[in-house]
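Grab a pencil and work through a few exercises on the model shown below. Try each task yourself before you read its solution.

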Amino acid sequence: IMTTLTFDIRPASRRDSAAVAQVHEKSWENAYAGIIPHKSLSNMVSRRGVDWWERTISGSNAVLVAEVGGTVAGYATVGRNRTLQLAQKGEIYELYVKPEYQGLGFGGQLFAAARARIANFGLKGTVVWALEENINALGFYRAMGGVDIAEGTESFENRVLKKIAFVWN
């Protein structure tokens, strides 16, 4: 017997807060373990609990969730580009899919929905920043057609990490 899973991307609602917090925790630990120093990573994850997500989601129409078979498997946050030197007006701040749902095409669908949301805001062009050591993210954004055009840095404790900007016009 073959079961068909439902798949939906929709704006997040407050009732998604616990699920989004869990996706955030699992996907960040998976993506950044061994890249971001443990203490910093642990602090970043613990600051973003259910309450934080509840406030973020209720004050915004810029958080999307990907739901697979009734489970929140990923999320994206979008808005205005924060790097004024770049011409693109929109930015995907975060796009994460739980490790067990990666490689199944959900990230690509979430990415397309995030770009559509940015366009609906009337913002032309999209930028995404990814840490250079996050090989999976770099591969994903290149596969999505992103062009890496700028570099920056992020500091965690005494560690400075290089980040790369990918753009779509």
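## Exercise 1: Serine 27 and its surroundings

Serine 27 touches Tyr96, Val97 and Pro99, leaving aside residues up to four places away in sequence; contact here means heavy atoms within 4.5 Å. Before going on, a word on ground rules: this is a predicted model, where local features need pLDDT of at least 70 and side-chain atom pairs count only at pLDDT 80 or more, while totals for chains, interfaces and linings use all residues. Residues are numbered from 1 along each chain as its sequence is written, and side-chain values use heavy atoms, with hydrogens and water left out.

**Task.** Work out where serine 27 lies and which backbone oxygen its side chain reaches.

**Solution.**
- Step 1: Serine 27 belongs to helix α1. Helices (H or I, at least four residues) and strands (E, at least two) are DSSP runs, numbered from the N terminus.
- Step 2: With 1% relative accessibility, serine 27 counts as buried. The cut-offs are under 20% relative accessible area for buried, over 50% for exposed, and partly exposed in between (1.4 Å probe, protein chains only).
- Step 3: Its side chain reaches the backbone oxygen of histidine 24 at 3.5 Å.

## Exercise 2: Laying out the sheet

**Task.** In what order do the seven strands sit in the sheet, and which are the edge strands?

**Solution.**
- Step 1: The order is β1-β2-β3-β4-β5-β7-β6, in an open sheet with mixed pairing. Two strands pair if DSSP finds at least two bridges between them.
- Step 2: The edges are β1 (7-11) and β6 (147-156), each of which pairs on one side only.
- Step 3: From one strand to the next, the twist averages 25°. Axes are lines fitted to C-alpha atoms, for helices over the stretch in contact, and angles run from 0 to 180 degrees between N-to-C directions.
- Step 4: Now go pair by pair. β2 and strand β3 (residues 71-80) run antiparallel over six bridges, with valine 68 opposite threonine 71 in β3.
- Step 5: Helix α1 (residues 17-32) packs on the sheet, where it touches β2, β3, β4 (90-97) and β5 (126-131), and its direction makes about 85° with that of β3.
- Step 6: β3 and β4 are antiparallel and joined by seven bridges; glycine 74 has valine 97 in β4 as its bridge partner.
- Step 7: β4 and β5 pair in the parallel sense over two bridges, and glycine 90 stands opposite threonine 126 in β5.
- Step 8: As for cover, seven of the eight residues of β4 are buried.

## Exercise 3: Two sides of a helix

**Task.** Which residues of helix α2 (residues 38-47) are buried, and what do they pack against?

**Solution.**
- Step 1: Ser40, Leu41, Met44 and Val45 are the buried ones.
- Step 2: These residues are on the same side of α2 because they cover an arc of only 130° around the axis. That arc is taken from the directions from the helix axis to the C-beta atoms.
- Step 3: The other side of α2 has His38, Lys39, Ser46 and Arg47 exposed.
- Step 4: The buried residues of α2 pack against α1 and β6.

## Exercise 4: Following the charges

**Task.** Which residues are linked with Arg10 in a network of salt bridges?

**Solution.**
- Step 1: Side chains of opposite charge can pair when their charged atoms come close. A salt bridge needs a side-chain nitrogen of Lys or Arg within 4 Å of a carboxyl oxygen of Asp or Glu, and the structure holds ten.
- Step 2: The network links Arg10, Arg15, Asp16 and Glu67.
- Step 3: Arginine 10 bridges to aspartate 16, with the closest N and O atoms 2.7 Å apart, and both residues are buried.
- Step 4: Glutamate 67, in strand β2 (residues 63-68), is buried because its relative accessible area is 19%.

**Task.** Is each partner of arginine 82 and glutamate 91 buried or exposed?

**Solution.**
- Step 1: Their side chains meet in a salt bridge (2.7 Å, N to O).
- Step 2: Arginine 82 is exposed, at 57% relative accessible area.
- Step 3: Glutamate 91 counts as buried, at 1% relative accessibility.

Note on methods. Polar contact = N/O pair within 3.5 Å; in protein donor to acceptor, adjacent residues only side chain to side chain.
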